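Grab a coffee and open the viewer. Here are a few short exercises to work through at your own pace.

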Amino acid sequence: VSLREKTKEGALACNGHVRLADNGAARPSASDSGCHGAKCLASSFVPWAEVRDDPERRGRVAWARIKTYRRAIEKVYRCYDCRVARLLDVSRQALYFANLGDLCDCLDALAADPDVRLCRV
């Protein structure tokens with residue numbers, strides 16, 4: 001099972017929200033700094049339960065990409081003093097939660113999943 005599928009499962013089970021790219025783009029551009037402030041942040045995220053059955057919105061979810069080989073090597077050299085074991089974010093995803101209870105429920109579910117290892121929160 002992929003990390004993206006695990007993310008979808010957690011979002012559905014715990015009322016997680018996913019980020020939708022603006023203007024119908026498949027994903028935000030590298031220069032997209034996002035918006036700031038709670039109102040703007042909340043408007044960029046939509047509950048996965050509302051998105052999963054809508055092909056147009058599902059296609060706009062800004063899923064993170066796997067870190068490239070080149071970027072991983074660069075990070076190991078620049079940031080981790082050549083210690084490869086410190087490179088933890090090769091594959092990642094993000095969810096937004098409207099309240100702390102939903103976030104804690106999701107973390108509990110991830111911690112209980114034998115296929116998942118939480119490295120850092």
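The exercises below deal with a predicted model, and each comes with a worked solution.

**Exercise 1.** Work out how the span of helix 6 compares with the expected one.

*Solution.* Start with the residues: helix 6 runs over 100-112, which gives 13 residues. Next, take the expected span, 1.5 Å times one less than the number of residues; that comes to 18 Å here. Finally, go from the first C-alpha of helix 6 to the last: the reach is 18 Å, close to the expected value. While you're there, look at the start of helix 6, where N99 puts a side-chain oxygen within 3.1 Å of the backbone nitrogen of G101.

**Exercise 2.** Find the residues of the largest nonpolar core, then list what V18 touches beyond its sequence neighbours.

*Solution.* The core holds eight residues: A11, V18, L20, V46, W48, V51, V61 and W63. Now pick V18 and skip anything within four places in sequence. What's left in contact with V18 is S44, F45, V46, W48, V51, V61, W63 and L95.

**Exercise 3.** Inspect phi at N15 and at D81, then place both residues and say how accessible each one is.

*Solution.* First, the background: most residues other than glycine have a negative phi. N15 isn't a glycine, yet its phi is positive, about 60°. N15 sits in the loop between helix 1 (3-13) and strand 1 (17-19). Its relative accessibility is 37%, so N15 counts as partly exposed.

On to D81, another non-glycine with a positive phi, near 50°. Its loop lies between helix 5 (69-79) and helix 6. With 59% relative accessibility, D81 counts as exposed, because the cut-off for exposed is over 50%.

Methods. Residues numbered from 1 in each chain as written. Predicted model: local features only at pLDDT ≥ 70, side-chain atom pairs only at ≥ 80, totals over all residues. Heavy atoms only, no water. Helix = DSSP H or I, 4+ residues; strand = E, 2+ residues; numbered from the N terminus. Polar contact = N/O pair within 3.5 Å; in protein donor to acceptor, adjacent residues only side chain to side chain. Core = buried A, V, L, I, M, F, W, Y, C linked by side-chain atoms within 4.5 Å. Buried < 20%, exposed > 50% of the residue type's maximum accessible area, 1.4 Å probe, protein only. Contact = heavy atoms within 4.5 Å.
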